[in-house]
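Me: Please take a close look at one residue in this model and the elements around it. Then set that place against the rest of the chain.

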Amino acid sequence: MSVLDVNLARKNLMDVLGESSKSYFAHLKSWFCMKTTKEEFDRQARLFLKTDQVHLHNDFLLAIVTKCQSLCQPSTYVYHGVKHKPTVVSEVEKIRPTIVPQRKVHSCEIKPITVTRQVQPKNKPLSVNFDNRFQPVSPVSLLPPSIPRTIEKPQVRYCSQDLTLPDAGLVHGRMLVAAWDVGLDHGCEDKAIKLILAATKQFLRELIVAIVTNRKGYRIRENKVIYSIGQPTLNPWLHNSWSVHDSTSNSYGTEISQLAEPPHVPAIPQTIQNAERDSAFYLACTTEQVTSLQPISVLDVFQTLQVKKSVIPWHTVHAVNMERISQRLYHPN
């Protein structure tokens with residue numbers, strides 16, 4: 001079945017199911033959410049269909065898989081290199097004399113010198129006799145011994161089990177079921193899949209930055225840009241004037257000069273000597289270095305989401321995930 005027959009296969013299946021279509025898609029959604037297995041979903045689907053109608057269920061699943069896999073096909077490009085035209089040198093050009101142009105040195109004329117190249121005769125190949133030197137060997141005798149292996153059925157694994165980001169195929173399958181659940185018969189577009197993938201990467205980046213900044217020190221530029229993660233923090237109990245000498249918290253494109261007209265001139269970048277001086281002064285105002293931390297655990301994620309609730313601004317999603325993390329902490333099984 002082609003990629004464009006997903007809606008047609010769904011329509012044919014719904015015409016056969018009738019009132020049982022809601023139960024069928026509820027079991028399909030449970031399989032996509034890892035609540036049931038593929039075998040249980042097939043067993044429940046066969047209860048709604050007759051024997052001669054089971055092929056519609058298989059065609060519908062095959063159409064979904066084909067549609068999802070069509071987005072994961074990598075683009076192939078073969079580099080053939082740069083083609084150059086071969087330079088052909090004739091025998092006449094080899095014998096043709098080379099003429100050196102005439103030039104003057106201290107009002108003395110130098111006559112051109114004629115150089116003649118001689119064509120060397122080609123060496124005749126030596127005849128080699130390989131009689132009684134080659135012993136034929138069967139290539140099969142050099143192969144390693146073959147051990148028959150049983151073909152195992154591949155298990156369906158999810159991105160949470162493989163610890164990988166979801167690909168376009170997985171996201172497309174989930175969004176197809178979600179679109180059909182809310183009444184969108186035509187599914188979803190490919191641009192929506194790319195948007196979901198980009199949003200997933202951006203959310204994971206913000207979550208990782210929030211966890212790392214909750215464990216280690218960092219600095220802020222322009223009151224919003226985080227940089228220098230891992231540096232020691234300022235000692236709040238030490239009286240210092242770092243806030244007065246700090247020239248890196250804000251960036252100014254221009255500065256005011258009384259000798260220039262107009263007075264706004266481009267700002268001069270900080271010199272290496274001043275940067276080293278500011279770094280030494282900053283380290284003198286900081287606390288002592290702490291010991292090395294343990295790898296990031298589920299408890300770090302739980303504490304970060306408690307402190308920085310802006311990472312997940314939706315209360316419903318935040319509450320559900322906090323409940324799942326607490327269950328994972330106190331009930332690992």
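What follows is a request about Thr286 and a connected reply.

Me: Where does Thr286 sit, is Thr286 buried or exposed, and which residues is Thr286 in contact with beyond its neighbours in sequence? Please add how helix 11 and helix 12 pack.

Reply: A caution comes before the details: this is a predicted model.

Start with the position. Thr286 lies in a loop. That loop runs between helix 10 (272-284) and helix 11 (298-307).

Next, exposure. The relative accessibility of Thr286 is 12%. Buried means under 20%, so Thr286 counts as buried. For the whole protein of 333 residues, the buried share is 18%.

Now the side chain. A polar atom of the Thr286 side chain is 2.7 Å from the backbone oxygen of Leu283. Leu283 falls within the range of helix 10, 272-284. The loop residue thus has a partner in the helix before the loop.

Contacts further along the chain come from one stretch. With neighbours within four places in sequence set aside, Thr286 touches Pro232, Thr233, Leu234 and Asn235. Across the protein, take the contacts between residues at least 6 apart in sequence. Of these, 57% join residues at least 24 apart.

Follow the chain out of the loop and helix 11 begins. Helix 11 packs with helix 12 (residues 315-330). Their axes come within 10 Å and cross at roughly 150 degrees. An angle over 145 counts as roughly antiparallel, so helix 11 is roughly antiparallel to helix 12. The crossing is left-handed. From helix 11, the residues involved are Val298, Leu299, Val301, Phe302, Leu305 and Gln306. They meet His318, Met322, Ile325, Ser326 and Leu329 of helix 12.

Another helix pair can be set beside this one. Helix 2 (residues 21-32) packs with helix 7 (residues 168-181) at about 150 degrees. Their axes lie 11 Å apart. That angle makes helix 2 roughly antiparallel to helix 7. Helix 2 passes helix 7 in a left-handed crossing. Helix 2 brings Phe25, Leu28, Lys29 and Phe32 to the contact. Helix 7 brings Gly173, Arg174, Val177, Trp180 and Asp181.

Last, the overall frame. The protein has 12 helices and 8 strands. Its accessible surface is about 27,900 Å². Carbon and sulfur atoms account for 58% of that surface.

Terms used
Residues are numbered from 1 along each chain as its sequence is written. This is a predicted model: local features need pLDDT of at least 70, side-chain atom pairs count only at pLDDT 80 or more; totals for chains, interfaces and linings use all residues. Side-chain values use heavy atoms; hydrogens and water are left out. Helices (H or I, at least four residues) and strands (E, at least two) are DSSP runs, numbered from the N terminus. Buried means under 20% relative accessible area, exposed over 50%, partly exposed in between (1.4 Å probe, protein chains only). A polar contact is a pair of N or O atoms within 3.5 Å; within protein, one must be able to donate a hydrogen and the other to accept it, and residues adjacent in sequence count only if both atoms are side-chain atoms. Contact means heavy atoms within 4.5 Å. Accessible areas come from the Shrake-Rupley method with a 1.4 Å probe; for residues, only the protein chains shown count as cover. Axes are lines fitted to C-alpha atoms, for helices over the stretch in contact, and angles run from 0 to 180 degrees between N-to-C directions. Angles under 35 degrees count as roughly parallel, over 145 as roughly antiparallel, 65 to 115 as roughly perpendicular and the rest as oblique. A crossing is left-handed if the near helix is turned anticlockwise from the far one by less than a right angle, and right-handed if clockwise.
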